[in-house]
Amino acid sequence: MNCSTLLSLVLMLVQLWPCSLSTQNCSTQNVDQSFTAVRRVKRSWVWEPFFVTEEQTSMVPVYVGQLKSDLDKQDGNLKYILTGEGAGSIFIIDENNGKIYVIEKLDREKKAFYTLRAQVINRTTQLPVEPESEFIIKVRDVNDHEPQFLDEPYVATVPEMSPEGTSVTQVTATDGDDPSYGNSARLLYSLIQGQPYFSVEPKTGVIRMASQMDRETKDQYLVIIQAKDMVGQAGAFSATATVTINLSDINDNPPKFQQRLYYMSISEEAPVGSTVGKVFAEDSDIGENAAMNYFLEGDSSDVFDIITNNETQEGIVLLKKRVDYESRRRYSIQAKVQNRYIDDRFLKEGPFEDKTIVKINVEDADEPPVFTLENYIMEIAEAAVSGSLVGVVTARDPDDDDCPVRYSIVHGMHLKRLFSINEYNGTIITTKPLDREIASWHNITVTATETRNPEKISEANVYIQVLDVNDHAPEFPKYYETFVCENAVSGQLIQSISAVDQDDSAEGHHFYFSLAQEAKNNSHFAVKDNKDNTAGIFTAKSGFRRQEQFYFYLPILILDNGTPPLTSTNTLTITVCDCDTEVNTFYCRYGAFMYAMGLSTEALVAVLACILILLVFFLAILAIRQQKKKSPFSEKMEEFRENIVRYDDEGGGEEDTEAFDISALRTRTIMRTHKPRKKVTTEIHSLYRQSLQVGPDSTIFRQFISEKLEEANTDPSAPPYDSLQSYAFEGTGSLAGSLSSLGSNMSDMDQSYDYLTDWGPPFKQLAGMYNSSRSMED
């Protein structure tokens, strides 16, 4: 046995020595810790963990364990040193023997272990005899925390009638103690409240159904679950949680009528769609499981109808067809109710529907008279005289007392002038003859009123057709313009004719055309009936002369197929034209017009010539008057005019050239360059130049401008803004005087008049005249 093994056995024996020989208190816990002895292998320290129980309370330090070197000969020459977490504050060591003590109360939940370092030094040399080693002191857990339900409150929902064992929800509690040591954190769940409907699994906390429950009996349950640590042993801590469990609805109940028999009533005056009454079926379910539909069964479903009020789940009985007290006074109908959504799981318990009987009484009311027909159609011939019978309308009081009624015609006074009705028996007669060609139908409204209650009135429409009588003879549909050439040959077609008839023929109109009796013996024309309601007019001879007869009036007899047939004579006017083969309609109309006026062609030409001469004379007078209105002076001979530009800017004085441009006041006549005359006297040339300089620099002109500006400034009607004014300035007389040669002290021979061409075109001709006269003299 080596030294290390021997040292370990010695330490174990020391730890197991009776407590009376030790200076420290002894406990079972300390005995357990004595097995954490020191081992030394190859001069290095290896330590097993030390344990200390949390929450230990004592007036003296609590022993944790001992560090001992195999070099320690217990002669006090070695010194034990403790460093690391809590060394000196929480843990202390006896430097002589290496025993470790805890001097503070520990909490595992705050810190579960501490890491410390141990070293042994020689007291004399202060040198380490063992290398520094690290060891751990673990805090051993005690049951000092209660379980907690962190997810409260718990609410769960489960369908009603769920089978036993159905999972409802799961509750979970937590414990702050160490789950890896002992039973402090091992929880056990139990049911405190909720039997016999629910159960809980002890280890998982899963709540399950313990029996089937009906929501209609009770729809909510409060279940109390308890969680205990220490696996439920004595002294364990516990906590409780409340779970609210709601039962959701399923369609497990059929609807049921509240009554087996319903009584209702409806007035015979009630309009279609009126509410007769309501039925109601109860359903213990809720939501869509209680939704239901109502139906009617039996023969009365064509008179009544039923609809479902989705909000109140009531069945509303409606009137589908008007009822009549005198015809039927009672109805018995069967109503059925059925769930809208059915759960097949519960069909075995019976159909989810119910039935009831609804008896409906019809109440009598004072009804208005009722006509035998809603619309009457009558006929009468248009040839009927006043007072003729048209037809009869009939109405009666539908009530039991059968009150008498009175008749009248409404809607239009003109109808009353054509028809009248007997107020007692409803006979309609005419009050004046009718004309189908004016109106073939007459629509009247007849009322029937109770004599006992005038407010009870009914109406009926009466349509009266006026039958046609052949009382209109056929006639031409329009005025025919018929022409024939003078050189027409016999048998030539000159016109096609037709006819119209205002009467209405049931079989269709058919007309027959022929010459009137008075024209058959001596006629130049013939009529051919085409048998299709048309006829052709043909020439019966060759050659016509306008000088002999300009118009021919041909009487044509037209016969219809009415009963009795009617005839009429229509005259066709035929005009003779001067043409070759084709008729010129315009020329023929012109000739007819002249013939009607009694004028010849020569006379008409003379009239037109006179009109033309008068027109020319009138235009000439207008031209002369317009010429007189024009100015006798040409544009070049007019006095010059200047445009005056007015500004509100006062400017900067005479030297201010930026205020406005004075060049705008100069005319082209002033601004042009002047060439002096050749061989002209100095006096005449000076006068000419002065006459041309009458302009903006002239005193007279400036005075004229000042006067016009003053007028504009003092004019109250002048516009309140800058404006452009135009004035005519006549200037003064010419300083050059007369151009006459009288008084001239010069000979024409010494003068040249070529300079006159520079004065413009008017003087160019004058210069030519002087030069030509001088040439002749030479």
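This passage describes the overall make-up, a sheet, the nonpolar cores and a surface patch of a predicted model.

The chain comprises 778 residues, of which 35% count as buried, and its secondary structure consists of 10 helices and 44 strands. Among contacts between residues at least 6 apart in sequence, 66% join residues that are at least 24 apart. The accessible area of the chain amounts to about 47400 Å², and carbon and sulfur atoms supply 52% of this area.

One open sheet is built from 4 strands in the order 19-21-24-23, and the pairing within this sheet is antiparallel. Strand 19 (256-257) and strand 23 (304-309) occupy the edges, where each has a single partner strand, so that one side of each is left without a neighbour in the sheet. Strand 21, which spans residues 275-282, pairs with strand 24, which spans residues 314-319, in the antiparallel sense over 5 bridges. Within this pairing, Val-279 stands opposite Gly-315 of strand 24.

The largest nonpolar core contains 25 residues, and the residues with the most contacts inside this core are Phe-304 and Ile-360. At least two residues of the core are supplied by each of strand 20 (261-267), strand 21, strand 22 (292-297), strand 23, strand 24, strand 25 (330-339) and strand 26 (353-363); the largest share, 4 residues, comes from strand 25. When neighbours within four places in sequence are left aside, Ile-360 is in contact with Phe-304, and also with Met-264, Ser-265, Ile-266, Val-276, Val-317, Arg-329, Arg-330, Tyr-331 and Ile-333. A second core, separate from that one, has 24 residues, including Val-168, Phe-198, Ile-207 and Val-223.

Nonpolar side chains also occur on the surface, where Leu-612, Leu-615, Val-616, Phe-618, Leu-619 and Leu-622 form a patch with about 570 Å² of accessible area together. Of these residues, Phe-618 is found in helix 6, which covers residues 601-629. Phe-618 counts as partly exposed because its relative accessibility is 48%, a value that falls between the limits of under 20% for buried and over 50% for exposed residues.

Methods:
Residues are numbered from 1 along each chain as its sequence is written. This is a predicted model: local features need pLDDT of at least 70, side-chain atom pairs count only at pLDDT 80 or more; totals for chains, interfaces and linings use all residues. Side-chain values use heavy atoms; hydrogens and water are left out. Patches are made of residues with over 30% relative accessible area and no salt bridge: like charges are joined within 9 Å, nonpolar side chains (Val, Leu, Ile, Met, Phe, Trp, Tyr) within 5 Å. Accessible areas come from the Shrake-Rupley method with a 1.4 Å probe; for residues, only the protein chains shown count as cover. A salt bridge is a side-chain nitrogen of Lys or Arg within 4 Å of a carboxyl oxygen of Asp or Glu. Buried means under 20% relative accessible area, exposed over 50%, partly exposed in between (1.4 Å probe, protein chains only). Two strands pair if DSSP finds at least two bridges between them. A nonpolar core is a set of buried Ala, Val, Leu, Ile, Met, Phe, Trp, Tyr and Cys residues joined through side-chain atoms within 4.5 Å. Contact means heavy atoms within 4.5 Å.
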